[in-house]
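Please open the model in the viewer and keep the sequence panel visible. The tour proceeds by selection, with a short account of what is found at each stop.

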Amino acid sequence: MAKKKKMDRALYEAELHRLQAELVEMQEWVKSTGARVVVIFEGRDAAGKGGAIKRITEYLNPRIARVVALPAPTERQRTQWYFQRYVEHLPAAGEIRLFDRSWYNRGGVERVMGYCTPEEHRRFLRQTPIFERMLVEDGIIVLKYWFSVSDKEQLKRFKSRLTDPMRQWKLSPTDLESITKWEDYSRAKDEMFVHTDIDSAPWHVVESEDKRAARINMIHHLLSSIPYERIERPELVFPKRPKSTGYRRTERSLQHQVPDYAGTLPPDPGEDYQDPEDEALNGNGYSEVDVELDLDIAVAEGAEPENA
């Protein structure tokens with residue numbers, strides 16, 4: 001089957017800028033009305049969650065819109081109620097919280113990798129719908145997004161990270177082990193959806209083979225799911241600067257100045273960094289890394305790539 005052409009870069013950047021302006025308007029509505037918003041980002045490793053979060057928060061106030069990306073629980077946290085360490089990160093009035101992975105760790109990686117017991121997993125599936133209904137009943141807007149990517153595309157992104165110094169930190173032994181457990185993760189996700197895809201907090205699946213289109217689709221859906229309105233900001237008037245009272249700045253020779261490294265740079269900056277997963281598109285709409293990696297990724301003859 002022929003590949004679908006990826007979203008044009010110029011079109012993507014223009015629409016992204018427009019949506020980011022709308023995100024700023026939504027933020028002002030959240031701040032003004034005291035709304036509380038929780039957005040959960042889940043999905044396969046390398047499915048594009050982090051890139052979407054980065055574009056959402058680019059122009060937002062970090063005091064209002066914060067990313068929650070928790071490390072592995074401490075020994076003390078392991079003895080607490082499972083949801084306890086997430087509760088302290090929930091928003092107060094006028095705040096947005098973006099969970100880069102969330103309590104759904106237990107439904108995915110913990111379940112597949114054996115980091116929790118079968119009983120802990122069953123308890124998680126029972127308690128999660130109750131927990132999320134409590135959040136919604138208390139007035140919190142809860143939006144859950146699952147970023148879906150095929151096994152072939154995930155492997156391409158993993159391989160590109162092996163040689164990309166900007167992204168090597170994103171590749172962990174657990175990520176690589178997930179390659180061998182693709183179907184286990186698929187079954188865990190399906191079971192998790194059966195129990196947690198509830199009317200008050202449904203799952204929204206984002207097809208992310210094309211990262212640009214995925215970001216545009218996800219951000220547009222987010223904005224359409226929050227009943228925000230434009231908030232008129234008070235007009236700001238610059239005051240007149242008062243006349244000097246004789247202050248003199250401390251001599252620079254008495255201060256520790258940062259050296260002018262910028263002044264030593266050559267006029268030709270060289271080639272710009274291009275994200276091999278997203279930016280280096282050739283005329284066919286495929287990335288250069290797509291062309292190279294297609295040669296060494298084995299796909300069963302006649303089989304369609306599975307998204308999950």
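**Stop 1: Glu153 and its helix**

Select Glu153 first: its relative accessibility is 8%, so this residue counts as buried, the cut-off for that class being under 20%. The model is a predicted one. Glu153 lies in helix α7, which spans residues 151–163. Display the side chains of Glu153 and Arg157, which form a polar contact with each other at 3.0 Å.

**Stop 2: α7 against α8**

Keep α7 selected and add helix α8, residues 173–180; the two pack with their axes 11 Å apart and at an angle of about 150 degrees. Because angles over 145 degrees are classed in this way, α7 is roughly antiparallel to α8. The crossing in which α7 passes α8 is left-handed. To see where they meet, show Gln154, Leu155 and Phe158 on the α7 side, and Asp175, Ser178 and Ile179 on the α8 side. By class, the contact of α7 with α8 comprises three nonpolar residues, two polar and one charged.

**Stop 3: α2 and what encloses it**

Move next to helix α2, residues 49–57. How many of the nine residues of α2 are buried? Seven are, so α2 is largely enclosed by the rest of the structure. Colour these buried positions: Lys49, Gly51, Ala52, Ile53, Arg55, Ile56 and Thr57. The elements covering them include α1 (9–33) and α10, together with the strands β1 (36–43), β2 (65–68), β3 (95–100) and β4 (140–148).

**Stop 4: α2 against α10**

From that cover, select helix α10, residues 211–224, whose axis comes within 10 Å of that of α2 and crosses it at roughly 55 degrees. The two helices are therefore oblique to each other. Here α2 passes α10 in a right-handed crossing. On α2 the contact involves Gly51, Ala52, Arg55 and Ile56, and on α10 it involves Arg215, Met218, Ile219 and Leu222. Five nonpolar residues, one polar and two charged make up the contact of α2 with α10.

**Stop 5: Pro73 in a loop**

Finally, centre on Pro73, in the loop that runs between β2 and α3 (75–78). Is Pro73 buried or partly exposed? With a relative accessible area of 23%, Pro73 is partly exposed. Leaving aside residues up to four places away in sequence, Pro73 touches Arg78 and Arg85. Draw a C-alpha to C-alpha distance from Pro73 to Arg85: the two are 8.4 Å apart in space and 12 residues apart in sequence.

Definitions and conventions
Residues are numbered from 1 along each chain as its sequence is written. This is a predicted model: local features need pLDDT of at least 70, side-chain atom pairs count only at pLDDT 80 or more; totals for chains, interfaces and linings use all residues. Side-chain values use heavy atoms; hydrogens and water are left out. Helices (H or I, at least four residues) and strands (E, at least two) are DSSP runs, numbered from the N terminus. Buried means under 20% relative accessible area, exposed over 50%, partly exposed in between (1.4 Å probe, protein chains only). A polar contact is a pair of N or O atoms within 3.5 Å; within protein, one must be able to donate a hydrogen and the other to accept it, and residues adjacent in sequence count only if both atoms are side-chain atoms. Axes are lines fitted to C-alpha atoms, for helices over the stretch in contact, and angles run from 0 to 180 degrees between N-to-C directions. Angles under 35 degrees count as roughly parallel, over 145 as roughly antiparallel, 65 to 115 as roughly perpendicular and the rest as oblique. A crossing is left-handed if the near helix is turned anticlockwise from the far one by less than a right angle, and right-handed if clockwise. Contact means heavy atoms within 4.5 Å. Ala, Val, Leu, Ile, Met, Phe, Trp, Tyr, Cys and Pro count as nonpolar, Asp, Glu, Lys and Arg as charged, and the others, Gly among them, as polar.
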